[in-house]
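Me: I've got a new model open and want to go through it with you. Let's put it up.

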Amino acid sequence: MPPNLVAATVRQGLFTRIVGRRLLYYPELSSTMDEAGKLGEGDTEEGAVVVAEVQNAGRGRQGRSWVSQPGNLLVSVLFRPSLEVLPFISIIGGVAAARAVRKVTGLEPKIKWPNDLWIEGRKVAGILAESAIAGDTVWYAVLGVGMNVSLDTDQTEEISAFATSVNAAAGEEVPREDLLRQFLMDLDALYLALGQGNSPIEEWQGLLSTTGQRLDATWGEDSYTGVAEGTDAMGNLLLRQDDGSLLTLTAGDVTLRGN
């Protein structure tokens, strides 16, 4: 079993104000999202971070499973945001993940709407946000990030066609503790800025690989085709359909035409 990733991260200095107030490491969990959700149901203050070496029931968006092997990053963070801040939790997760990869490796990741991290056209990380709301009050929100660092995607049939890892893209072994530390520090800075009214949307939009691309979009049993004109101020996709109408998609999956 690899060494405690949280201990290695903290030893080299983690400088945050909110994210990382509490750091929990587990050699194995069913899901970091579920564990962080349990903390949210109690009185744990926001900023708690749950890290697992292995998940046996990890999940991505729309209930899909997430390949969870040792040597990668499996992280969930507990927030207690306002209702106004809530829609941006997933967005700051994507921006923080992109910043971390860029700062640590020099690579230039992009974001495939709604919030998957891609390097050179292949998926390297998924971002998931879940929340519990009562009336107009957000009880808690959990941001989860699964990042392929050392995963040999060629050995995993269900993702080999479209996924990659940080190590493969960088051509060298990248220290996971460096990626985790940088991610948590950037996430902390973005969350603090968000609380002060500074939206991350412009930086996030600049990372989107889908803008200007012709694509197919699906949500549930519905499918649409058109050109992505960008997103609105809340991160919803603006799709110009072939009949000229402009469709706003709040969620879904997109596939670039020809890919």
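Me: Where in the protein chain is confidence lowest, and where is it highest?
Reply: Strand β12 (residues 253-256) is at the bottom with a mean of 89, and helix α3 (residues 89-105) is at the top with 98. That's pLDDT, the predictor's confidence in each residue on a scale from 0 to 100. Helices here are DSSP runs of H or I with at least four residues, strands are runs of E with at least two, and both are numbered from the N terminus.

Me: And what does the protein chain average?
Reply: The average pLDDT is 91, with 91% of the residues scoring at least 70.

Me: Ground rules before I start clicking?
Reply: It's a predicted model, so local features need pLDDT of at least 70 and side-chain atom pairs count only at pLDDT 80 or more, while totals for chains, interfaces and linings use all residues. Numbering runs from 1 along each chain as its sequence is written, and side-chain values use heavy atoms, with hydrogens and water left out.

Me: OK, α2. How many of its residues are buried?
Reply: Seven of the ten, so α2 is largely enclosed by the rest of the structure. Buried means under 20% relative accessible area, exposed means over 50%, and partly exposed is in between (1.4 Å probe, protein chains only). The buried ones are T32, M33, E35, A36, G37, L39 and G40.

Me: What do they pack against?
Reply: Strands β1 (23-29), β2 (49-55), β3, β6 (122-134) and β7 (137-147). Contact here means heavy atoms within 4.5 Å.

Me: What's going on at the start of α2?
Reply: A side-chain oxygen of S31 comes to within 3.1 Å of the backbone nitrogen of M33.

Me: A glutamate in that buried list, hm. Which side chain of opposite charge is nearest to E35?
Reply: K38, at 4.0 Å, but E35 has no salt bridge even though it's buried. A salt bridge needs a side-chain nitrogen of Lys or Arg within 4 Å of a carboxyl oxygen of Asp or Glu. For charges, Lys and Arg are positive, Asp and Glu negative, and His and the chain ends aren't counted.

Me: So what does the side chain of E35 make a polar contact with?
Reply: The side chain of Y26, at 3.4 Å. A polar contact is a pair of N or O atoms within 3.5 Å; within protein one must be able to donate a hydrogen and the other to accept it, and residues adjacent in sequence count only if both atoms are side-chain atoms. Leaving out residues up to four places away in sequence, E35 touches Y26, L29 and V50.

Me: Switching topic. How many salt bridges does the structure hold?
Reply: Nine. One of them pairs R99 with D186 at 3.4 Å, N to O. R99 sits in helix α3 and D186 in helix α5, so this pair ties together parts 87 residues apart in sequence.

Me: Are R99 and D186 buried or exposed?
Reply: R99 is buried at 17% relative accessibility, and D186 is buried at 4%.

Me: What else does D186 meet in a salt bridge?
Reply: K103, at 2.8 Å, N to O. K103 is in helix α3 and D186 in helix α5, so to speak a link between distant parts of the chain, 83 residues apart. K103 is partly exposed, at 46%.

Me: And what about D116, which residue does its side chain meet?
Reply: K123, in a salt bridge of 3.4 Å, N to O. D116 is buried at 7%, and K123 is buried at 14%. As for shared partners, salt bridges join R99, K103, D186 and E203 into one network.

Me: Aromatics next. How many pairs come up?
Reply: Two aromatic pairs. The rule takes rings of Phe, Tyr and Trp (its six-membered ring) with centres within 6.5 Å; planes under 30 degrees apart are stacked, over 60 edge-to-face, and the rest tilted. In the case of F79 and Y191, the centres are 4.5 Å apart and the planes at 45°, so that pair is tilted. F79 is in strand β3 (residues 73-79) and Y191 in helix α5 (residues 176-195), so the pair ties together parts 112 residues apart in sequence. F79 is buried at 0%, and Y191 is buried at 8%.

Me: Last one, backbone. Which residues does a cis peptide bond join?
Reply: W113 and P114, with omega about 5°. P114 is in the loop between β4 (110-112) and β5 (116-119). Also look at E120, a residue other than glycine with a positive phi near 50°. E120 is in the loop between β5 and β6, and is exposed at 71%.
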